[in-house]
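Thank you all for coming; I would like to take a few minutes to walk you through a structure that may be new to you. Please have the sequence and the model open as I go.

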Amino acid sequence: MERALTRHLKDNLGLYLLVGFFFLAGIITGTIAVNFLEPQQVSQLGAYLDKVLSQFKGEGPGFNQAAYQALLGALRETGLIWFLGLTVIGIPLIIGLIFLKGLILGFTVGFLVQQKALQGMAFSFLALLPPNIIQIPALFMAAILGISFSIGLMRGRGQAEAAILPRFLTYSFLMLLVTLVLVGGGLVEGYLSPFFARIVLAYF
């Protein structure tokens with residue numbers, strides 16, 4: 001398993017660097033975008049942020065609800081990337097999704113720090129970082145799998161369906177494994193993040 005993972009990383013290093021570049025570009029763009037918000041937008045988003053943070057003062061979600069939300073989010077993300085990997089135009093769209101993920105994360109952290117200063121930094125580190133440590137590498141792998149399969153389809157045009165089927169099954173199985181990892185990250189977000197959020201709100 002370790003050898004297979006090492007070989008996968010070595011064979012797809014260029015794609016990981018490409019995906020990482022666009023993710024980082026999204027984070028930087030999102031962080032910079034915070035500084036260009038209009039005062040009215042800042043006021044509206046600030047009120048929404050306070051509303052969201054106030055929800056963490058209550059009880060966390062039940063197991064069934066958290067598991068359902070984690071499963072739904074993982075299926076949505078990997079399902080879309082899986083589908084895009086089956087299309088010729090999937091590559092730029094997958095990269096666009098990774099860029100958007102980085103943009104949202106960068107904007108969220110940037111706005112938290114801008115509005116809540118030390119509390120925002122603590123919230124980002126304790127509540128946002130744990131699930132993203134799991135989810136972001138999994139999304140990177142999903143993106144690489146989708147891009148690689150899409151490239152393979154373009155190179156293998158004209159091949160018999162029987163030749164493509166084993167690759168399709170392997171691709172789908174690996175995407176399923178990535179989905180399970182994302183579900184794990186979603187459960188961390190559903191249980192640990194609210195716990196740490198309550199600590200931040202109580203002591204910062």
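Let me begin with a term that I will need in a moment: a crossing of two helices is called right-handed if the near helix is turned clockwise from the far one by less than a right angle, and left-handed if it is turned anticlockwise. I should also say at once that what you see is a predicted model.

With that in mind, please look at helix α2, residues 13-33, and helix α5, residues 90-155, whose axes come within 10 Å and cross at roughly 150°. Angles over 145 degrees count as roughly antiparallel, and α2 and α5 are therefore roughly antiparallel to each other. Their crossing is right-handed, and the contact of α2 with α5 is made up, by class, of 21 nonpolar residues, eight polar ones and one charged one.

Now to the second pair, which involves α5 again. Helix α3, residues 39-55, packs with α5 at an angle of about 55°, the two axes being 11 Å apart, and α3 and α5 are therefore oblique to each other. Here too I can give you the hand, since α3 passes α5 in a right-handed crossing. On the α3 side you will find Val42, Leu45, Gly46, Leu49, Asp50 and Leu53, and these meet Phe107, Phe111, Leu112, Gln115, Lys116 and Phe123 in α5. Sorted by class, this contact of α3 with α5 has eight nonpolar, two polar and two charged residues.

Let me turn from the helix pairs to the interior. Which residues have the most contacts inside the largest nonpolar core? They are Val19, Phe140 and Ile147, in a core of 27 residues. The helices α2, α4 (63-85), α5 and α6 (161-203) each supply at least two residues of this core, and α5 gives the most, with 14 residues. If you pick out valine 19 and leave aside residues up to four places away in sequence, you will see that valine 19 touches Ile98, Phe140, Ala143, Ile144 and Ile147. Apart from this core lies another, of eleven residues, among them Val34, Leu37, Leu49 and Ala122.

Finally, I would ask you to find glycine 190, which lies in helix α6. Is glycine 190 buried or exposed? Buried means under 20% relative accessible area, and glycine 190, at 15%, is therefore buried. Its C-alpha atom is separated by 8.2 Å from that of glutamine 69, although glycine 190 and glutamine 69 are 121 residues apart along the chain.

Notes
Residues are numbered from 1 along each chain as its sequence is written. This is a predicted model: local features need pLDDT of at least 70, side-chain atom pairs count only at pLDDT 80 or more; totals for chains, interfaces and linings use all residues. Side-chain values use heavy atoms; hydrogens and water are left out. Axes are lines fitted to C-alpha atoms, for helices over the stretch in contact, and angles run from 0 to 180 degrees between N-to-C directions. Helices (H or I, at least four residues) and strands (E, at least two) are DSSP runs, numbered from the N terminus. Angles under 35 degrees count as roughly parallel, over 145 as roughly antiparallel, 65 to 115 as roughly perpendicular and the rest as oblique. Ala, Val, Leu, Ile, Met, Phe, Trp, Tyr, Cys and Pro count as nonpolar, Asp, Glu, Lys and Arg as charged, and the others, Gly among them, as polar. A nonpolar core is a set of buried Ala, Val, Leu, Ile, Met, Phe, Trp, Tyr and Cys residues joined through side-chain atoms within 4.5 Å. Buried means under 20% relative accessible area, exposed over 50%, partly exposed in between (1.4 Å probe, protein chains only). Contact means heavy atoms within 4.5 Å.
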